[in-house]
Amino acid sequence: MPTITDHAIATPNKPAFIMGATGECVTFGELDARANQVAQLLRAEGIQQGQHIAMMMKNCREFMEVMFGCMRAGVVFTPISTHLKKDETAYILNNCRAQLFIASGSLVEVAAEAAEQAPQLRRSFVIKGEKIGFSDWHTALVQQSADPIPDQSLGVPMLYSSGTTGKPKGVFRAPENIDLDAPHPLKLAGAYYGFNADTVYLSPAPLYHAAPLHYNTLNLIQGGTSIIMERFDPEEALALIEKYKTTHSQWVPVMFVRMLKLPESVRGQYDVSSMQRAIHAAAPCPIDIKRQMIDWWGPVICEYYSSSEGVGFTIIDAEDWLAHPGSVGRPLTGIPKILDEQLQELPIGEVGQIYFAEVARFEYFDEPGKTEEAFDTRGWGTVGDMGYLDGEGYLYLTDRKNFMIITGGVNVYPAEIEGLLVTHPQVADVAVFGIPNEEFGEEVKAVVQPMNVDDAGPELAAELIAYARSQIAHLKCPKSVDFLEALPRHPTGKLYKRLLKDTYWQQTP
């Protein structure tokens with residue numbers, strides 16, 4: 001597989017990536033030189049192959065430069081969510097054993113407080129500016145040579161779970177081959193989606209998340225150009241598709257929802273016909289939302305199911321999905337298995353915990369107990385999702401095991417109810433979970449973010465309950481609806497449902 005250096009030699013003036021809001025362009029020649037400087041700086045700071053650094057950075061050119069610098073210095077790099085508080089950030093800094101820390105200027109206050117709790121740090125840098133304990137990144141970088149370091153080797157990311165069900169866990173998978181020219185693990189997905197040197201890839205999500213990080217890496221290694229949004233905005237995303245004639249993109253379902261909720265007069269202004277593959281994952285996509293996207297963009301919508309842990313990978317295109325609505329496809333890697341509580345395989349159509357056979361082993365960094373829990377005695381791996389298989393081997397998701405509601409002995413899966421309620425015209429976002437009920441153990445609760453907060457109240461709550469009862473079994477329907485101005489949703493699209501659920505359970509005597 002080619003490298004960034006190969007493209008820098010062949011097409012030095014071709015844009016490697018363009019920042020969406022500012023139009024700032026970084027060519028392959030510039031990216032290659034800057035990645036060399038990053039690698040040189042890491043060595044100058046004493047960071048050797050196999051050691052760890054952390055980066056708490058918003059979407060910016062420096063994020064990409066640091067990432068590719070680490071990848072040629074054999075360094076393990078951990079991107080940290082830009083929305084974490086000081087104690088959460090400090091936990092990751094210490095857990096990943098970061099030797100060096102780089103933060104965006106707007107995040108330096110939280111970063112500095114977290115760094116004070118991480119005594120193993122050798123040095124901390126801030127992008128543009130200085131603060132006590134933090135040196136200016138650019139000042140240090142420009143002093144470095146743009147020549148390759150003599151001991152280049154492949155560095156890898158170590159990403160942390162989003163912490164939606166508990167403390168975040170570092171997912172570590174050592175490179176199978178430290179040679180920079182080794183085949184990249186994304187090669188299969190890239191071939192399926194048609195990534196090549198002509199690809200123009202729109203990246204609307206935070207770069208610290210697994211999917212945008214990996215797909216931007218894949219695209220640039222193939223010689224394509226990435227358009228990176230500093231933050232997601234539904235209309236700006238459509239404008240960038242039209243402006244740059246983007247061919248590929250990667251989304252989460254809440255982004256589809258927000259684009260579809262734009263007025264028809266706004267959506268109709270933008271030409272999205274250049275899109276060849278609109279890839280989505282990270283959360284179950286409501287069936288009606290996906291149908292609307294296919295109706296709007298055409299049969300370019302593709303879905304995959306995987307995880308930061310890399311336990312299995314399924315894939316499905318629009319045509320196949322229309323024949324199997326709701327499915328996340330058949331496996332590209334791994335063999336899906338549906339197991340009961342005793343880890344026995346369940347029959348076709350029965351819901352259980354999803355495992356994958358024939359997958360490479362990963363580890364939760366410095367947490368051997370949690371690593372062992374992720375695998376059974378056969379080496380089959382899981383990340384805790386629930387689902388079932390149909391007779392043709394297509395996989396369907398129901399929800400996380402942690403969020404399943406058991407009411408009167410019946411299993412209820414919130415994702416199905418959320419997928420229905422979000423299609424109501426007055427609903428911008430919704431979370432469904434179980435709350436205590438003396439008679440049934442749990443009952444179904446919905447918390448809704450209305451399109452217009454002034455509509456929140458008993459009338460809309462009653463309307464939403466009636467809407468649900470008209471379309472799904474009554475036992476699945478919310479018994480009550482509460483309203484919030486905004487739900488605690490991660491920018492990658494994942495909902496911090498645990499935070500909402502805990503509030504209600506803590507109120508129980």
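This is a dialogue on reading salt bridges, burial, cysteines and a sheet in a predicted model.

Trainee: Before we start, what sort of model is this?

Mentor: A predicted one, and local features are read where pLDDT is at least 70.

Trainee: Okay, salt bridges. How many are there by the usual rule?

Mentor: The idea is a side-chain nitrogen of Lys or Arg within 4 Å of a carboxyl oxygen of Asp or Glu. The count here comes to 16 salt bridges.

Trainee: Let's take one. Where do Arg61 and Glu65 lie?

Mentor: Both are in helix H3, residues 61-71, and four residues separate them, about one turn of the helix. Their side chains meet in a salt bridge at 2.8 Å, N to O.

Trainee: Buried or exposed: how does Arg61 count? And how does Glu65 count?

Mentor: The cut-off for buried is under 20% relative accessible area. Arg61 has 18% relative accessibility, so it counts as buried. Glu65 has 1%, so it counts as buried too.

Trainee: Which residues are linked with Arg61 and Glu65 in a network of salt bridges?

Mentor: Glu24 and Arg34 are linked with Arg61 and Glu65 in that network.

Trainee: What about the rest of helix H3: how many of its residues are buried?

Mentor: Eleven of the eleven residues of H3 are buried, so the helix is largely enclosed by the rest of the structure. Among them are Phe63, Val66, Phe68 and Cys70, along with a second glutamate, Glu62.

Trainee: Which parts of the chain can a salt bridge link? Say, Lys290 and Glu303?

Mentor: First the pair itself: the side chains of Lys290 and Glu303 meet at 2.7 Å, N to O. Lys290 sits in helix H12 (residues 287-297) and Glu303 in strand S14 (residues 301-305), so this pair, 13 residues apart, links distant parts of the chain. Both Lys290 and Glu303 are buried.

Trainee: And what meets the side chain of Glu372?

Mentor: That would be Arg361, in a salt bridge at 2.8 Å, N to O. Glu372 lies in helix H14 (residues 368-373), while Arg361 is in the loop between strand S18 (352-357) and strand S19 (363-364), so the pair ties together parts that are eleven residues apart in sequence. Arg361 is partly exposed, with a relative accessible area of 46%.

Trainee: Now loops. What does the side chain of Ser274 reach?

Mentor: With a loop residue, ask where it sits, how accessible it is and what it touches. Ser274 is in the loop between helix H11 (264-267) and strand S13 (277-280). Its relative accessibility is 18%, so Ser274 counts as buried. The side chain of Ser274 reaches the backbone oxygen of Thr246 at 2.7 Å. Leaving aside residues up to four places away in sequence, Ser274 touches Ile241, Lys245, Thr246 and Thr247.

Trainee: Let me try Ala118. Which loop is that in?

Mentor: The one between helix H5 (108-115) and strand S6 (123-127). At 2% relative accessibility, Ala118 counts as buried. With residues up to four places away in sequence set aside, Ala118 touches Leu93 and Asn94. The C-alpha atoms of Ala118 and Ala98 are 8.4 Å apart, and the two residues are 20 apart along the chain.

Trainee: On to cysteines. How many disulfides does the structure hold?

Mentor: A disulfide is a covalent bond between the sulfur atoms of two cysteines. The structure holds zero of them. Cys25 is in no disulfide, and the nearest cysteine sulfur, in Cys60, is 16 Å away. Cys25 is partly exposed, at 35% relative accessible area.

Trainee: Why is there no bond for Cys302?

Mentor: Because its sulfur is 13 Å from the closest cysteine sulfur, in Cys285, too far for a bond. Cys302 is buried, with a relative accessible area of 0%.

Trainee: Last topic, sheets. In what order do the strands S24, S25 and S26 run?

Mentor: For a sheet, check order, edges, twist and pairing sense. These three strands form an open sheet in the order S24-S25-S26, with mixed pairing. The edge strands are S24 (427-437) and S26 (480-483), each pairing on one side only. From one strand to the next, the twist averages 30°.

Trainee: In which sense do S25 and S26 pair?

Mentor: Strand S25 (residues 441-450) pairs with S26 in the parallel sense, over four bridges. Ala446 stands opposite Val481 in S26.

Trainee: Which helix packs on the sheet?

Mentor: Helix H17 (residues 497-506), which touches S24, S25 and S26; its direction makes about 40° with that of S24.

How values were computed: Residues are numbered from 1 along each chain as its sequence is written. This is a predicted model: local features need pLDDT of at least 70, side-chain atom pairs count only at pLDDT 80 or more; totals for chains, interfaces and linings use all residues. Side-chain values use heavy atoms; hydrogens and water are left out. Helices (H or I, at least four residues) and strands (E, at least two) are DSSP runs, numbered from the N terminus. Buried means under 20% relative accessible area, exposed over 50%, partly exposed in between (1.4 Å probe, protein chains only). A polar contact is a pair of N or O atoms within 3.5 Å; within protein, one must be able to donate a hydrogen and the other to accept it, and residues adjacent in sequence count only if both atoms are side-chain atoms. Contact means heavy atoms within 4.5 Å. A disulfide is a pair of cysteine sulfur atoms within 2.5 Å. Two strands pair if DSSP finds at least two bridges between them. Axes are lines fitted to C-alpha atoms, for helices over the stretch in contact, and angles run from 0 to 180 degrees between N-to-C directions.
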